Every structure is written in structure tokens, then in C-alpha cells.
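Student: Please take one part of this structure and examine it closely. I would prefer a single connected account, with the cut-offs stated where the terms arise.

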Amino acid sequence: MEVFLNNIKIDYLDLTRNKKIVNDELLLKVKPEAKSIILAELEKPEIKLTVKIYNKAGKKEILYKTRFIVDYVLTEEDYNETDGIVLYGTMINKMSSTGRGYDQYLMENFYNWFNYSEFNWWETENSELKNSYLQACFIWNHGLYKMSKENSIMKMEGSLVKNNEDYFCYLGELFFGKRGFMGNGLDSLHDHTIDVSMNNNMSEFHLHINSADALEKSLGTGYFFRSLEILKRTGLNIYVDDLAF
């Protein structure tokens with residue numbers, strides 16, 4: 001991942017959005033020796049922020065491109081903040097590969113991946129964070145649907161799933177490994193399985209679901225079985241508590 005302020009590379013940005021779209025808080029993290037380089041840029045009333053990422057296929061994409069209108073003149077004390085330089089202003093003219101507004105959780109996902117840190121969905125109850133993780137997985141895997149034969153036997157422990165987000169994080173990892181994606185809802189699951197079916201012989205793959213009662217309780221009976229029906233249409237072999245579905 002690469003983050004640029006105008007054309008100058010910085011280490012990291014953390015932007016807290018105000019719901020009223022005013023007084024956004026932007027934290028820029030740069031190496032101490034690089035602070036003097038960006039001082040002139042930060043004195044400008046408008047700065048450009050660009051975040052570039054590489055997906056699984058090695059293709060570079062622009063995750064975000066936006067302008068930031070600065071509300072005040074920085075002081076020497078601001079520049080000497082140990083945590084980074086904090087700006088207050090308004091983010092405008094947003095461009096995003098997601099088609100949505102700025103999402104700091106999405107930024108953090110790619111930043112952590114860039115620094116070889118993985119997200120463990122079962123360790124958090126934050127649904128917003130999990131949804132951003134699923135969005136990151138979609139971008140990361142975009143256009144790649146080939147499954148590895150190492151994943152021919154997939155085992156899901158239903159008791160680990162507490163909600164819909166857990167379910168789709170789990171499915172993505174079972175089908176494609178860490179950072180895998182199989183949808184983030186029933187509609188996207190349906191759409192994704194079309195491409196997965198076209199690129200794999202799904203009769204060679206087996207999904208075993210254990211503790212199905214717990215999974216059904218977490219998702220709801222209708223939702224659970226609807227998802228299995230969608231998966232079954234691909235030709236995937238599905239077993240629910242050792243019984244063929």
C-alpha cells in the first residue's frame with residue numbers, strides 16, 4: 001500500500017469523518033526526518049490525498065483519491081507532535097474503488113496486510129470492522145476465482161459463527177484461504193458462485209458443516225438453508241453434521 005499527500009509519499013493516514021461532513025480530523029504519520037519535506041505542502045489551503053494498493057494479482061489500484069480543505073494554519077507545535085501531524089478540515093471530491101465514502105477500517109485492513117498482519121474475524125464483535133474486512137477481501141481477490149485443490153475438503157465449525165458477517169468471513173477463508181471472498185450477503189453469494197462455478201469443477205470440493213444447529217440459530221433457519229441452496233447449485237458437495245445436503 002502507498003499513501004501520498006500531493007506527490008509526496010507518507011507513512012500512514014488516519015481520517016476520522018464527521019457525520020455532518022465538517023471538521024474531519026486527519027492524522028498524518030511520517031518519519032521524523034521527512035516532516036520538513038511536507039511542511040510547504042501542508043501550508044497550502046488544499047491538499048490531495050491518494051491511497052494506492054496492490055491486489056492479489058499484483059495489479060495496482062487506487063483505493064482512494066480525495067481533496068482535503070484545511071481549516072487552519074499549522075503551528076510549530078503541530079509539527080512537533082510525536083504521534084503525527086493532525087489537520088482539521090473537510091474532505092471533498094472523493095473517488096473510491098468501492099464506490100462508497102471513505103472508510104478508515106478499509107484503509108487499516110490494507111495497511112495491516114502490507115505490514116504482514118492478518119485479521120482474525122472470530123476475535124472481534126465489531127460488525128462494521130468485519131464488513132470492511134469483507135470489502136477489502138473483495139477488492140483483494142477481484143477477478144480471481146480459481147480454487148486450490150488444497151481446499152478440496154472444507155470444514156466449518158458452526159459454533160464459531162455468531163452472525164452473518166462471521167459466516168461470510170468463514171466461507172471466504174474456506175474456499176480461498178486467508179483474505180478469501182465468497183460474498184457478503186445472499187445476493188453477492190449468488191453472484192460470486194456463478195464465477196466460481198465457471199472456473200472450477202465444484203464436484204471435486206466438499207464442505208462439511210459441524211454444529212449446524214448453532215449455525216442455524218445464529219443465521220436464522222431461512223437464511224442458513226437459502227445459502228446452502230445457493231452453494232449446492234455450483235455442484236459443491238455439502239454435508240450437514242455428516243448428512244449429505
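**Helix α5 and its surroundings**

Tutor: The buried residues of α5 are covered by elements that include α4 (127-141), β8 (153-157), α6 (186-199), β9 (206-210), α7 (212-219) and α8 (221-232). Here buried means under 20% relative accessible area, exposed over 50% and partly exposed in between (1.4 Å probe, protein chains only); contact means heavy atoms within 4.5 Å; and helices (H or I, at least four residues) and strands (E, at least two) are DSSP runs, numbered from the N terminus. The model is predicted, so local features need pLDDT of at least 70 and side-chain atom pairs count only at pLDDT 80 or more, whereas totals for chains, interfaces and linings use all residues. Residues are numbered from 1 along each chain as its sequence is written, and side-chain values use heavy atoms, with hydrogens and water left out.

Helix α5 is largely enclosed by the rest of the structure, because twelve of its 13 residues are buried. Among them are Tyr167, Phe168, Tyr170, Leu171, Leu174, Phe175 and Phe176, but also the acidic residues Glu165, Asp166 and Glu173. From first C-alpha to last, α5 reaches 18 Å, close to the 18 Å expected at 1.5 Å a residue (1.5 Å times one less than the number of residues).

At the start of α5, a side-chain oxygen of asparagine 163 comes within 3.3 Å of the backbone nitrogen of glutamate 165. Glutamate 165 itself belongs to α5 and is buried without a salt bridge (a side-chain nitrogen of Lys or Arg within 4 Å of a carboxyl oxygen of Asp or Glu). The nearest side chain of opposite charge to glutamate 165 is that of lysine 130, 6.1 Å away. Leaving aside residues up to four places away in sequence, glutamate 165 touches Ser127, Lys130, Asn131 and Leu134. After α5 comes glycine 177, with a positive phi near 85 degrees.

The helix also contributes to the largest nonpolar core, a set of buried Ala, Val, Leu, Ile, Met, Phe, Trp, Tyr and Cys residues joined through side-chain atoms within 4.5 Å. This core holds 70 residues, of which Leu13, Leu28, Tyr167, Phe175 and Leu231 touch the most other members. Its largest share, eight residues, comes from α5 (residues 164-176). Elsewhere in this core, leucine 28 touches residues including Leu5, Ile10, Leu13, Leu42, Ile85 and Leu87, not counting residues up to four places away in sequence.

Technical notes
Polar contact = N/O pair within 3.5 Å; in protein donor to acceptor, adjacent residues only side chain to side chain. Lys, Arg positive; Asp, Glu negative; His and termini not counted.
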